Amino acid sequence: MKNFAGTPGTVTGLLLRLLQCLFASGSIAAMATTKSFFNFTAFSYLIASMGLQVFWSFGLAFLDACALAKKKVLHNPVLVSLFVVGDWVTATLSLAAASSSAGITILYFNDLGGCSVREECQKYQLAVALAFLSWITIGISSLIMFWTLAAG
């Protein structure tokens, strides 16, 4: 298998995983600090999806860090296949959660004028923006994993 930027066990791979974890954690923090996120199913789904993203990304960041410390290559085809499937599943869930939350945010707060507390509206928007950033980074990782598997 080819060793290029973003593959498992590289510094860029570790950086991508840490960014995924950071953006997902930020999204959870922004959403959970609002008073009424639980009133909207899409917002609850966003927290659940980003929670899964945090665990997945942190676990793979830990594997990348261990591989870098031990100078091992994580290009086992079975392991990379697992990474591909996990990345595609979490990417799909993250996109669905971010899109549904963005739709509710726009509909409820902009179109229906349902946002009376400006600070809370900004937290919802921040949570959605961070969720999309998390999805972008997981999308990059999933494409790199797919290319790594295909190149092997």
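**Buried polar residues and core packing in a four-helix chain**

At a relative accessibility of 2%, S142 counts as buried in the predicted model. This serine is found in helix 4. Leaving aside neighbours within four places in sequence, S142 is in contact with D87 and W88. The adjoining position in the sequence, L143, also has its place in helix 4, but L143 is partly exposed, with a relative accessible area of 37%; this value is too high for the buried class because that class requires under 20% relative accessible area. L143 and D87 stand 56 residues apart in sequence, and their C-alpha atoms are separated by 8.7 Å in space.

The overall architecture is helical. The secondary structure of the chain comes to four helices and zero strands, arranged along the sequence in the pattern α-α-α-α. Taken along the principal axes, the C-alpha atoms fill a box of roughly 55 × 25 × 20 Å. Of the 152 residues in the chain, 44% count as buried. Among contacts between residues at least 6 apart in sequence, 82% join residues at least 24 apart.

Two of the helices were compared with their expected spans. Helix 1 comprises 22 residues, from 11 to 32, and reaches 31 Å from its first C-alpha to its last, close to the 32 Å expected at 1.5 Å a residue. For helix 3, the end C-alpha atoms are 49 Å apart, which agrees with the 51 Å that its 35 residues should span at 1.5 Å a residue.

Helix 1 contributes an extensive list of buried positions, namely G13, L14, L16, R17, Q20, C21, F23, A24, S27, A30 and M31. An α-helix has 3.6 residues a turn, so residues three or four places apart point the same way. The buried residues of helix 1 pack against helix 2 (41–70), helix 3 (77–111) and helix 4 (118–151).

Charged side chains also occur in the interior. A search of the whole structure finds one salt bridge. In this pair, the side chains of R17 and D87 meet at 2.8 Å, N to O. The pair links distant parts of the chain, with R17 in helix 1 and D87 in helix 3, 70 residues apart. R17 and D87 are both buried. D87 is also one of the residues in contact with S142.

A further acidic residue, D64, lies in helix 2. D64 is buried yet has no salt bridge. The nearest side chain of opposite charge is that of R17, 4.6 Å away; this separation does not qualify because a salt bridge requires a side-chain nitrogen of Lys or Arg within 4 Å of a carboxyl oxygen. A polar atom of the D64 side chain does, however, lie 2.9 Å from the backbone nitrogen of G9. Leaving aside neighbours within four places in sequence, D64 is in contact with P8, G9, G13, L14, R17 and L74.

The nonpolar interior was examined next. The largest nonpolar core has 18 residues, and those with the most contacts inside it are M31, F37, F43, L46 and Y124. Helix 1, helix 2, helix 3 and helix 4 each give two or more residues to this core, and the largest share, five residues, comes from helix 2. A second, separate core of 10 residues includes L16, W56, F83 and I138. Within the largest core, M31, F43 and Y124 rank with F37 among the residues with the most contacts, and these three also appear in the contact list of F37 itself. Leaving aside neighbours within four places in sequence, that list consists of M31, A32, F43, S44, I47 and Y124.

Local backbone features were noted around helix 3. At the start of this helix, a side-chain oxygen of N76 reaches to within 3.1 Å of the backbone nitrogen of V78. Just after helix 3, G113 takes a positive phi of about 65°. Most residues other than glycine have a negative phi. Phi of K71, by contrast, is near 55°, a positive value in a residue other than glycine. K71 lies in the loop between helix 2 and helix 3, and this lysine is exposed, with a relative accessible area of 73%.

Technical notes: Residues are numbered from 1 along each chain as its sequence is written. This is a predicted model: local features need pLDDT of at least 70, side-chain atom pairs count only at pLDDT 80 or more; totals for chains, interfaces and linings use all residues. Side-chain values use heavy atoms; hydrogens and water are left out. The expected span of a helix is 1.5 Å times one less than its number of residues. Buried means under 20% relative accessible area, exposed over 50%, partly exposed in between (1.4 Å probe, protein chains only). Contact means heavy atoms within 4.5 Å. Lys and Arg count as positive and Asp and Glu as negative; His and the chain ends are not counted. A polar contact is a pair of N or O atoms within 3.5 Å; within protein, one must be able to donate a hydrogen and the other to accept it, and residues adjacent in sequence count only if both atoms are side-chain atoms. A nonpolar core is a set of buried Ala, Val, Leu, Ile, Met, Phe, Trp, Tyr and Cys residues joined through side-chain atoms within 4.5 Å.
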